[in-house]
Amino acid sequence: MWQWIGSARGRWSRPAVGEYTKQGSQVQTPGTGELDIAASLSHRRAMTPVNAPATPTAWNGIRLDAPADWRPTRLGLDYLLFEDGRGPAFEIKWRRNAGRRGMEAAFAAMTPKGRQARSVALPDAWTRHLAGLTIRPIAWTTDDHAGCGAAIFCPKCGLAALFQGYGGPGGPGPDRMAEIAGVLASLSHHEPGPPAFALYGLSYAPPPGYVLSTFSFVPGRFGLHFANGRRRLDILRLAPAEVLLARDDLARVAAQAFGFDCDGPATPGTVGQDPAVWLAERQGRGWPDAAARLLGRPARLAVLRHDRAAGKLLGAGASGPKPIDAGWLAETAGQCVSL
């Protein structure tokens, strides 16, 4: 599994065995949820119908349809690893505006120490879905596993990426090859507007100008954290709602989730047809709040709603040097949709 480390002058490299990916300021560590997902894959695979539909997935500039029994078990800002009940199945890593040098760096990273690598022609079922891209295929073997994939470059947008499929000692079997062909057929990275996200039961598209800076996942909680200059935007999905609301009311759950004073004021309301609660700090126009903002303490506004149909709590919290517009936050919170 490979990752891009650092800034625009970073490099492609491979995490150590058992280590989760570090992407910029985001670190995934053992015990933060992905291990729990991986441990349950065998059970979920057994419960998946043979011809179940693919799962649409979107992550920070990439869209694809994953087989129903694949689960994303590792994430980076520009990285996805899928596993099924047998272990790693498919991974893809990308970097926008990386150019041909980015592709060459990705290709070099696919020949790690301890693996025997060789050039190989990709299956026709794969290459027909990569038309218009520069491709550098490769296959590799270890004592226990074998795989194949390619570093690719899009001359239209400058995206450099690598993908590879995993198999046993003999490499990916016919079923895995067919699955990957379907993934490549659905792969898309030329979409207008900000990158969309559809993963872990949440679908969301950020407002223009907001860029994913970090993310977090633990069982029952998935967070996307965006930045736009000095402004911040946090998107949260909490579940199951009935368990959370059996312990505390919606206002207290919201305060804990967004880091507000649990005993502070909260304003009930609605977002769409869902009950919601609003929390605010330093939003006033008077001199105490204005002075606090001038001293570097940002205005904060958050809303958490109860999606009763899905049994989830969905929310958005924003902060910045000026008071947050409540209508804008309500609109962006309404873009959070349960999957």
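Strands β18 (residues 231–238) and β22 (residues 312–320) run antiparallel to each other and pair over seven bridges. Within this pairing, R232 sits opposite S319 of β22. The model is a predicted one, and β18 happens to be where its confidence is highest, at a mean pLDDT of 97.

Zooming out, the two strands belong to an open, antiparallel sheet of seven, ordered β16-β17-β18-β22-β21-β20-β19. The edges are taken by β16 (211–218) and β19 (267–271); each has a single partner strand, so one side of each goes without a neighbour in the sheet. From one strand to the next, the twist averages 20°. Helix α9 (residues 326–334) packs on this sheet, touching β18, β19, β20 (274–281), β21 (299–307) and β22, and its direction makes about 40° with that of β21. One residue of α9 is T332, which counts as buried at 5% relative accessibility. Leaving aside residues up to four places away in sequence, T332 touches Y204, P207, L233 and A316.

Helix α7 (residues 250–258) also has its share of buried residues: L250, V253, A254, A255, A257 and F258. Their cover includes β17 (221–228), β18, α6 (241–247), β20, β21 and β22. Just past the helix, G259 adopts a positive phi of about 80°.

Turning to charged pairs, the count of salt bridges comes to eight. One of them joins the side chains of R176 and D84, at 2.5 Å from N to O. Since R176 belongs to helix α5 (residues 174–186) and D84 to strand β8 (residues 79–84), the pair ties together parts that are 92 residues apart in sequence. R176 is buried, at 7% relative accessible area, and so is D84, at 2%. Both take part in a salt-bridge network that links D84, R86, R176 and E179.

Back in the sheet, R305 forms a salt bridge with D274, with the closest N and O atoms 2.6 Å apart. Here R305 comes from β21 and D274 from β20, so the bridge ties together parts that are 31 residues apart in sequence. R305 counts as buried at 8% relative accessibility, as does D274 at 14%. In the bridge between D248 and R252, the N to O distance is 3.7 Å; D248 is partly exposed at 23%, and R252 is partly exposed at 32%.

As for confidence overall, the protein averages a pLDDT of 81, and 80% of the residues score at least 70. The low point is strand β3 (residues 22–23), at a mean of 32. Over residues 1–50, pLDDT stays under 50. Where pLDDT is low, the predicted coordinates should not be read in detail.

Definitions and conventions: Residues numbered from 1 in each chain as written. Heavy atoms only, no water. Pairing = 2+ DSSP bridges. Helix = DSSP H or I, 4+ residues; strand = E, 2+ residues; numbered from the N terminus. Axes fitted to C-alpha atoms, helices over the stretch in contact; angles between N-to-C directions. Contact = heavy atoms within 4.5 Å. pLDDT = per-residue confidence, 0-100. Buried < 20%, exposed > 50% of the residue type's maximum accessible area, 1.4 Å probe, protein only. Salt bridge = Lys/Arg side-chain N within 4 Å of Asp/Glu carboxyl O.
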